[in-house]
Amino acid sequence: MKKILTVLFAVSVASSAMAAGNLSVDFGSVWYKVSYTDGVSDHLQGQGQSFAINWTLDNDLSLGAYSESGRWVYASTGYDDWDIRAITIAKGIVKNVTIGMNLGDMYDTYSGDDGMLTDIFGSVVILGGSGDKVSGQLKTNVGARFIVNDSDYNMSGITVSLSVGLLF
């Protein structure tokens, strides 16, 4: 019974979200630099890919899902991967400018652990255009990432991304 109620609630929220606004899909490239890793002299920095799907609700508020995966390079020869799954909440503050937050989970092969992730970001649309049924955007995000994983490694740092979005 609980599963049925959960599904009905999710469908009702999704249907009201779809009725209230638009669906957008973003594909991007992300650069991630870890500020400091406690007790380790490696300087982790890397590049990855991101994917997001968002529903724009009333008052330029959006809710969505975000995923990211990439690879760090350190000590000139080593590398490790990271994977992120998160929920995105964002709000447009002026035309073509959005602030938001990703809340989720990050797993990395550097420590072999995962931890709770919080991203605070700002997004600016660089270039946009629209057709009859689809609009497109080129945008950049700059953000601060906060995470301390289960191995007590501090993977907090900064992110910069460039993405292409389609708005249906």
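**Exercise 1. Work out whether Lys139 is buried or exposed, and find its salt-bridge partner.**

Step 1. Start with the accessible area: Lys139 has a relative value of 15%. Buried means under 20% relative accessible area, exposed over 50%, and partly exposed in between (1.4 Å probe, protein chains only). So Lys139 is buried.

Step 2. Before going on, a word on the model: it is a predicted one, where local features need pLDDT of at least 70 and side-chain atom pairs count only at pLDDT 80 or more, while totals for chains, interfaces and linings use all residues. Residues are numbered from 1 along each chain as its sequence is written, and side-chain values use heavy atoms, with hydrogens and water left out.

Step 3. Now the partner. A salt bridge is a side-chain nitrogen of Lys or Arg within 4 Å of a carboxyl oxygen of Asp or Glu. Lys139 makes one with Asp26, at 3.1 Å from N to O.

Step 4. Place the two on the chain. Asp26 sits in strand β1 (residues 23-34) and Lys139 in strand β7 (residues 135-147), so their bridge ties together parts 113 residues apart in sequence. Helices (H or I, at least four residues) and strands (E, at least two) are DSSP runs, numbered from the N terminus.

Step 5. Check Asp26 too: with 9% relative accessibility, Asp26 counts as buried.

**Exercise 2. Find which residue forms a salt bridge with Arg85, and which strands the pair ties together.**

Step 1. The partner is Asp105, and the closest N and O atoms are 2.5 Å apart.

Step 2. Arg85 belongs to strand β4 (residues 78-94) and Asp105 to strand β5 (residues 97-108), so this pair ties together parts 20 residues apart in sequence.

Step 3. Look at the surroundings of Arg85: its relative accessible area is 45%, which means partly exposed.

**Exercise 3. Trace the salt-bridge network that includes Arg145.**

Step 1. Arg145 bridges to Asp119, with 2.8 Å between the closest N and O atoms.

Step 2. That links distant parts of the chain, as Arg145 is in strand β7 and Asp119 in strand β6 (residues 113-130), 26 residues apart.

Step 3. Are these two buried or exposed? Arg145 is buried at 1% relative accessibility, and Asp119 is buried at 5%.

Step 4. Add Glu68: salt bridges with shared partners join Glu68, Asp119 and Arg145 into one network. Across the structure, there are five salt bridges.

**Exercise 4. Describe the largest nonpolar core and what Tyr32 touches.**

Step 1. A nonpolar core is a set of buried Ala, Val, Leu, Ile, Met, Phe, Trp, Tyr and Cys residues joined through side-chain atoms within 4.5 Å. The largest one here has 16 residues, and Tyr32, Leu44, Trp72, Ile84, Met106 and Met155 have the most contacts inside it.

Step 2. See where the core comes from: β1, β3 (61-74) and β4 each give at least two residues.

Step 3. Contact means heavy atoms within 4.5 Å. Setting aside neighbours within four places in sequence, Tyr32 is in contact with residues including Leu44, Trp72, Met106, Arg145 and Met155.

**Exercise 5. Lay out the overall pattern of the protein.**

Step 1. Count the elements: one helix and eight strands.

Step 2. Read along the sequence and you get α-β-β-β-β-β-β-β-β.

Step 3. For burial, 33% of the 168 residues are buried.
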